[in-house]
Amino acid sequence: MKTSKYPRFRSLTKRGRNGQIWVYYSYDMRGTGKSDAQLGSDYAVALQKWEKLHNHIPMTIGKLQQAIDKWREECLPEYPVAKTRSDYTRQLKRIEAVFGECGWHQISLPLLCTFLTERSAKTQANRELAVLSIVWNKARLWGMTDLPWPAVGMKGWKNKEQAREFEVTDALFAALYEQADEVLRDCLDIATATGMRLTDVRTVRMPVDGQLRFKAGKTGKWAYFDVAQSPVLSAVIERRGKRNSVMLLCTSTGKQVSASMLRSRYDKAREEAALANPFLANDLRAMILRDSRKRAADLADDLEGASKLLQHSSTKLTSTHYRTKATKLTAVR
């Protein structure tokens, strides 16, 4: 029995009407449950690809841009949170500008580390490579590459991130609250009473049977608050009256509040508060609207309560990024 010099190497000849001849090469995948691997029409290149497949050398066919385009089209729309889709879209643009034209074999851990070093926005660089790793691993499932993510199993290779430390004190909150209009005050009250993310504050619906129910947009977790147990929430609902809106947070005419509406109101109130309180001006200008969630964490009785309120999976996340309140200790003598 004759043994082929190149096992599983197959050729397919096609003839045109005018006598043209085309030859295509493939790797026979029968018995593996996979489709035949197409090796192209160039004999020399096809043999190189055969060598890698037959000897289990990881495939490096194609460029990263192909996977990025496919992931953007098929996977990105499946993310339910608009902010996540927006962030990933922006990060993909940076990724493809740097790595898009690279072949899979060209991406190495030293190259990724060079990107982290040279990128001026250090935290964003970490986020961008996190998205690249998602695309990479999806590409492996699609059969675009057999190469593992270059940083798999590595620890401490990314830029170090410093958790933002900022405490919304009573004085800062009162100064801002005094300058806020009714919509912003309602937003601040809901956010600091419940610990909700701003997107959830904007989209939470009116209570039903005394329960303020919501599904966290980021995690998909359901939770509810008993409005009667919260003087702040009760006051918001009383102020709100019978406006023509299903949303808890709305304008006086019942219009739903957008992120830009909150941002402009917050910027205006913060600057007015800074001018009215010169001794607090620097801290006020450093404070951002998302810090309302930090204040909610600090208002909780303890770390466990703060973590539960913010719907975190661990108290470590709460203590590292949200709860700034100092722990009260008791002297032993």
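## Questions about a predicted model

Reader: Before anything else, how far is the sulfur of Cys113 from the closest cysteine sulfur?

Author: This is a predicted model, and the closest cysteine sulfur to that of Cys113 sits in Cys102. A disulfide needs the two sulfur atoms within 2.5 Å. The gap is too far for a bond, because it comes to 15 Å.

Reader: How many disulfides does a search of the whole structure find?

Author: Cys113 and Cys102 have sulfurs too far apart for a bond. Searching the whole structure gives a count of zero.

Reader: Is Cys75 buried or exposed?

Author: The cut-off for buried is under 20% relative accessible area. Cys113, at 27%, is partly exposed. Cys75 has a relative accessibility of 11%, so it counts as buried.

Reader: Let's go to the strands. Which residue in strand 2 stands opposite Arg10?

Author: Strand 1 (residues 9-15) pairs with strand 2 (residues 21-27) in the antiparallel sense, over seven bridges. Five residues lie between these strands in the hairpin, and there Gly19 has a positive phi near 95 degrees. Across from Arg10, in strand 2, is Ser26.

Reader: And which residue of strand 3 is opposite Tyr27?

Author: Strand 2 also runs antiparallel to strand 3 (residues 37-40), with three bridges joining them. The strand 3 residue facing Tyr27 is Ala37.

Reader: How big an arc do the buried residues of helix 2 cover around the axis?

Author: In helix 2 (residues 64-74), the buried residues are Leu64, Gln65, Ala67, Ile68 and Trp71. They lie on the same side of helix 2, because the arc they cover is only 160 degrees.

Reader: What covers those buried residues of helix 2?

Author: In an α-helix, residues three or four places apart point the same way, because there are 3.6 residues a turn. The buried residues of helix 2 share one side. Their cover includes helix 3 (82-99) and helix 5 (122-142).

Reader: How many residues are in the largest nonpolar core?

Author: Leu188, Met196, Leu212, Leu249, Leu284 and Met287 have the most contacts inside this core. Elements giving it two or more residues include helix 6 (170-179), helix 7 (182-194) and strand 4 (211-215). Setting aside neighbours within four places in sequence, Met287 touches residues including Phe166, Leu172 and Tyr266. The largest core has 38 residues.

Reader: What about the other core, how many residues does that have?

Author: In soluble globular proteins, nonpolar side chains tend to be buried together. Another core lies apart from the largest one, with Cys75, Leu92, Leu112 and Leu147 among its residues. Its size is 28 residues.

Conventions:
Residues are numbered from 1 along each chain as its sequence is written. This is a predicted model: local features need pLDDT of at least 70, side-chain atom pairs count only at pLDDT 80 or more; totals for chains, interfaces and linings use all residues. Side-chain values use heavy atoms; hydrogens and water are left out. Two strands pair if DSSP finds at least two bridges between them. Helices (H or I, at least four residues) and strands (E, at least two) are DSSP runs, numbered from the N terminus. Buried means under 20% relative accessible area, exposed over 50%, partly exposed in between (1.4 Å probe, protein chains only). The arc is that of the directions from the helix axis to the C-beta atoms. Contact means heavy atoms within 4.5 Å. A nonpolar core is a set of buried Ala, Val, Leu, Ile, Met, Phe, Trp, Tyr and Cys residues joined through side-chain atoms within 4.5 Å.
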